Each structure stands twice: as structure tokens, then as C-alpha cells.
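Work through these exercises with the structure in view. Try each task before reading its solution.

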Amino acid sequence: MGGPKLINLSLFLFSTFLAIIPSLNGHIGDFDEVWRRRAQEAEEWALKAYEPDPVNVTLAFAKQTKESMKELKEVKKLATNDTRRELRGFHKNYAGPCLVTNPIDRCWRCQGNWADNRKRLADCALGFGKGTTGGKAGRFYVVTDSSDDSSNPKPGTLRHAVIQKEPLWIIFAKSMNIRLHQELIMQSDKTIDGRGVNVHIAYGAGITLQYVKNVIIHGLHIHDIVVGNGGMVISAVDHVGIRTQSDGDGISIFGSSNIWIDHVSMWRCSDGLIDAVEGSTAITISNGHFTDHNEVMLFGASDSSSIDQRMQITVAFNHFGKRLVQRMPRCRWGFIHVVNNDYTHWNMYAIGGSQHPTIISQGNRFIAPPEMFKKEITKRDYAPESVWKQWTWRSQGDLFMNGAFFVESGDPDWTKKHQNLFDGISSAPGEQVTWITRFAGALNCKQGHAC
């Protein structure tokens with residue numbers, strides 16, 4: 001009598017099991033010896049990168065921040081008649097003097113010889129991703145071919161560059177649109193540098209940083225990313241393995257450390273724009289421009305994944321723009337510093353989380369949607385108020401507009417008790433965020449001129 005029902009139940013449980021396995025192993029179809037070794041090495045790197053007491057991180061970059069804020073005052077003098085943010089693509093059409101508006105850009109952007117000194121960028125990371133140098137120790141690799149072969153890539157293609165085991169600083173010979181047939185699985189110690197050209201990763205799979213360290217992604221347009229079908233995908237010059245279906249993230253960070261994503265423009269990906277999961281740490285996401293997306297950033301994939309307790313991420317100087325809905329970011333576990341970002345649009349909420357993450361919001365500008373029931377910036381899941389009231393979610397120096405409000409929790413004197421910079425970035429007042437983020441997104445750099 002119960003035979004068919006039992007068979008159907010067994011098939012359901014088996015299919016559920018198959019669906020769970022890829023998420024546990026990050027879409028690795030065969031977790032072979034190579035992947036096991038990479039996972040073990042990544043664990044060691046992450047433990048070294050983790051700051052056990054983030055509130056006592058050195059103030060080494062405070063001087064740079066103060067100097068940048070001085071220059072910011074000069075920027076305002078140059079544009080006293082501009083009291084509003086103009087078109088979000090302002091920097092693409094701007095023809096005046098180089099305007100440095102935040103401490104990361106101050107490190108490199110106004111140097112006319114940037115193209116002859118590209119690796120200076122490697123000295124500029126701030127936040128929890130500070131010290132990320134990417135391919136600074138290696139040679140330049142010039143991408144000349146926009147084609148993609150996910151199992152046997154041709155020399156001169158982006159995939160052929162990122163699977164090399166040596167440190168590499170990857171640049172592009174010309175502007176190009178790259179459609180990845182499967183997720184682009186990177187090796188450690190790489191910089192992808194899109195300055196001087198327009199590089200679009202679009203209409204195919206996204207970028208995967210899985211069990212790697214020390215990666216910089218700079219100056220790319222990443223958009224319209226779709227789910228990868230899976231199959232045989234190369235992950236190193238000496239390893240091709242089976243991958244299951246990918247999620248469709250623009251950039252997926254899985255079990256990796258010392259990652260810096262800077263000056264990217266991202267929109268319309270099938271899943272998240274940027275996701276960081278499975279104990280990923282020492283990450284900075286800065287100067288990005290994000291639009292046209294639902295679930296923007298996910299930090300921590302599961303309430304049960306306690307490995308994300310070591311997750312430490314800085315989200316700084318970004319512009320969260322038009323037609324965004326939620327997760328800017330959505331956090332589980334970990335320590336997240338959200339500093340000097342411009343939130344001009346959300347349709348559900350801006351910052352959310354579960355499983356008691358520490359979220360420190362400093363010097364951001366929040367402009368609420370017109371609907372009365374969408375004014376709250378924060379959203380907490382899977383916990384009653386009696387529980388989430390103990391989570392440390394603090395707002396300091398934020399600017400709230402159009403009725404926006406941030407529901408704080410935890411010790412009300414927490415920021416007073418922790419005066420040190422949590423990750424080396426000192427926030428400016430929220431009133432200055434429009435200027436600080438003015439050049440967010442991929443820049444229109446031209447050789448021989450400051451960006």
C-alpha cells in the first residue's frame with residue numbers, strides 16, 4: 001500500500017541530498033586530493049589572516065585618512081556650485097583635475113604615470129583586506145583574446161591567466177567583452193587589473209575565488225551573469241575536475257582570505273553580486289557601484305556554518321544605487337565594518353542578518369524609499385527581539401534622509417568603549433559621502449593621464 005509513497009519519498013530525499021552536496025563543497029563535483037589540499041592550505045591562510053581582536057587593529061592608516069579628508073575639502077572648493085550628486089556616471093564624463101575623494105584612491109589615482117606603475121595599486125588596500133598584494137610579486141600577463149574554453153583555455157585568454165600557479169598581474173591589451181562558459185576558477189596571488197580599457201564579464205558564468213588567498217579584482221564591469229551548467233572545468237594548469245551547477249554569482253568567495261575587490265561596476269546577476277562564505281575572511285570591498293539587482297551581497301551562507309565566525313569584511317566607499325532591493329549586505333556570524341557608503345536606493349532593506357553578526361555602520365548616507373513601510377535600514381531574521389537585542393549592531397555618524405532609520409542593538413556605549421579603528425579605516429561624516437563615493441565603479445582611466 002505504501003510502496004509508491006516510500007519510493008517517491010526516497011527519490012525526494014536523494015534529490016535533496018544531491019542539492020545539498022554542491023553547497024557543502026562549493027560546487028566541486030569530485031572533492032579529490034587536489035581540492036582537499038587546497039582546502040587545507042586555505043584554512044591555514046585564513047587563520048593567519050584572521051584578526052582575533054578586530055577592535056584593537058592598528059591605527060596605521062589613520063594618517064592617510066585624515067590627509068584624504070583635507071583634500072576632500074579642496075575638492076568641495078572646486079565644485080561649490082554642485083550641491084547634489086549629478087549623473088551616477090559623472091566620473092566617466094569628468095574632464096577637470098583629478099579629484100581624490102577617499103584614502104584608498106589617494107594612494108594611486110591622481111598619478112599620471114599609473115600605467116607605468118600599475119603595481120602601486122597593491123600598496124593601497126585598506127580595511128580587513130589590507131596587505132592584499134595580488135600579483136605584485138609576479139610578471140605581467142596580457143590578455144589578448146576574449147574567447148573562453150573552460151577545460152582547455154588558449155594562451156592569451158583570461159582563463160589561461162588565472163589558472164597559472166605563479167603570481168601574476170593580469171592586464172588587457174584592449175577593451176573586450178568576455179562570456180565565460182563556466183565559472184572562472186582562480187588560483188592564488190593574482191591581480192585582474194582592468195584599468196585603461198573597458199572589460200565586461202557578462203552573459204555567462206561569474207568569477208569564483210575558492211580556497212585561494214591574495215587576490216585583487218579591480219576595474220571590471222561584471223553583469224548579466226547566469227547559472228553555469230557544470231561539467232569539466234579547469235582550476236589549475238594541472239587540474240581539471242567536475243563542477244556541479246554554479247549559483248550565478250558575479251563574484252563568489254568561498255573559503256578564501258586576503259581578497260580586495262575595488263572599483264567594480266556590477267549589476268544583474270542570477271544570484272548575488274558578491275557572496276563570501278565558508279570562513280572567508282580578510283576581505284575589503286571598496287569603491288564599487290552596484291545597481292539593478294535583488295540580493296546584492298551575502299556574507300555567510302548558513303546559520304549553521306559556524307566557520308563564518310572568523311569572517312571579517314570591510315565594505316567602504318561604495319555606491320548602492322538604482323533598482324537595488326536588499327542585502328547590502330546580509331550577514332551571518334562575523335565582523336562587518338560598513339563605512340562611508342552611499343545608499344541611495346533599496347526596496348526592502350539595506351543591511352540585514354542573522355546568527356549574531358557584529359555590524360558597525362559608520363559615516364554612511366541612507367536615503368529611504370518613499371514608501372512608509374520601507375524606511376527601516378536594518379532587518380534581522382530567525383531570532384526574537386529578546387535575542388537580537390544582544391547583537392552588536394551600531395550606527396555612528398550616519399546620515400539618515402527621507403525618514404530612514406537604523407535599529408541599533410547591543411551595548412549602547414560599544415563604540416565609545418572601542419575608540420580604535422576596527423580595520424584601519426577612519427570614517428568621515430555621512431554628510432561627505434556623496435563626495436567620497438563620487439568616482440565609485442570602474443574608472444575610465446587613460447594612459448598618460450590621472451584616472
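**Exercise 1. Find the partners of strand β13.**

Solution. This is a predicted model. Start with strand β8, residues 213–218: β8 and β13 pair in the parallel sense over five bridges. Pick one position on β8. V215 stands opposite I259 of β13. Now turn to β16. β13 and β16 run parallel and are joined by five bridges. Here D262 has S286 in β16 as its bridge partner. Last, check the cover. Five of the six residues of β13 are buried, so the strand is mostly covered, given that buried means under 20% relative accessible area.

**Exercise 2. Describe helix α2 and its two faces.**

Solution. Begin with length. α2 covers residues 33–49, 17 residues in total. From first C-alpha to last it reaches 24 Å, close to the 24 Å expected at 1.5 Å a residue. Next, list the buried residues: W35, R38, A39, A42 and A46. Look down the axis of α2. The buried residues fall within an arc of 100°, so they line one face of the helix. The face turned away from that buried side carries the exposed residues E33, Q40, L47 and K48.

What covers the buried residues of α2? The cover includes the strands β4 (184–185), β7 (207–210), β10 (231–236), β11 (239–243), β13 (257–262) and β16 (281–286). Finish at the start of α2. There a side-chain oxygen of D32 reaches to within 3.2 Å of the backbone nitrogen of V34.

**Exercise 3. Trace the open sheet and find its edges.**

Solution. Write down the strand order first: β4-β7-β12-β15-β19-β23-β26-β29. These eight strands form an open sheet with parallel pairing. β4 and β29 (378–380) stand at the edges. Each has a single partner strand, so one side of each is left without a neighbour in the sheet. Then zoom in on one pair. β19 (297–299) and β23 (330–332) pair in the parallel sense over two bridges. In this pair, L298 stands opposite R330 of β23.

**Exercise 4. Locate the nonpolar cores.**

Solution. How many residues does the largest nonpolar core have? It has 66. Those with the most contacts inside this core are L158, F172, L209, I251, F290 and F299. A second, separate core has 24 residues, among them W169, I216, I436 and L443. In soluble globular proteins, nonpolar side chains tend to be buried together. Go back to F299. Beyond four places in sequence, residues touched by F299 include I274, I285, M311, I313, V315 and I336.

**Exercise 5. Compare two loop residues, S409 and P167. Is each buried or partly exposed?**

Solution. Place S409 first. S409 lies in the loop between β31 (399–401) and α8 (414–417). Its relative accessible area is 4%, so S409 is buried. The side chain of S409 makes a polar contact with the side chain of R380, at 3.0 Å. Leaving out residues up to four places away in sequence, S409 also touches W388, K389, W391, T392, W393 and R394.

Now take P167. P167 sits in the loop between α6 (158–162) and β2 (168–172). With a relative accessible area of 25%, P167 is partly exposed. With residues up to four places away in sequence left out, P167 touches G135, A137, G138, R139 and D189. One last link leads back to the first exercise. P167 and V215 are 48 residues apart along the chain, and their C-alpha atoms are separated by 9.7 Å.

Terms used. Residues are numbered from 1 along each chain as its sequence is written. This is a predicted model: local features need pLDDT of at least 70, side-chain atom pairs count only at pLDDT 80 or more; totals for chains, interfaces and linings use all residues. Side-chain values use heavy atoms; hydrogens and water are left out. Helices (H or I, at least four residues) and strands (E, at least two) are DSSP runs, numbered from the N terminus. Buried means under 20% relative accessible area, exposed over 50%, partly exposed in between (1.4 Å probe, protein chains only). A polar contact is a pair of N or O atoms within 3.5 Å; within protein, one must be able to donate a hydrogen and the other to accept it, and residues adjacent in sequence count only if both atoms are side-chain atoms. Contact means heavy atoms within 4.5 Å. The expected span of a helix is 1.5 Å times one less than its number of residues. The arc is that of the directions from the helix axis to the C-beta atoms. Two strands pair if DSSP finds at least two bridges between them. A nonpolar core is a set of buried Ala, Val, Leu, Ile, Met, Phe, Trp, Tyr and Cys residues joined through side-chain atoms within 4.5 Å.
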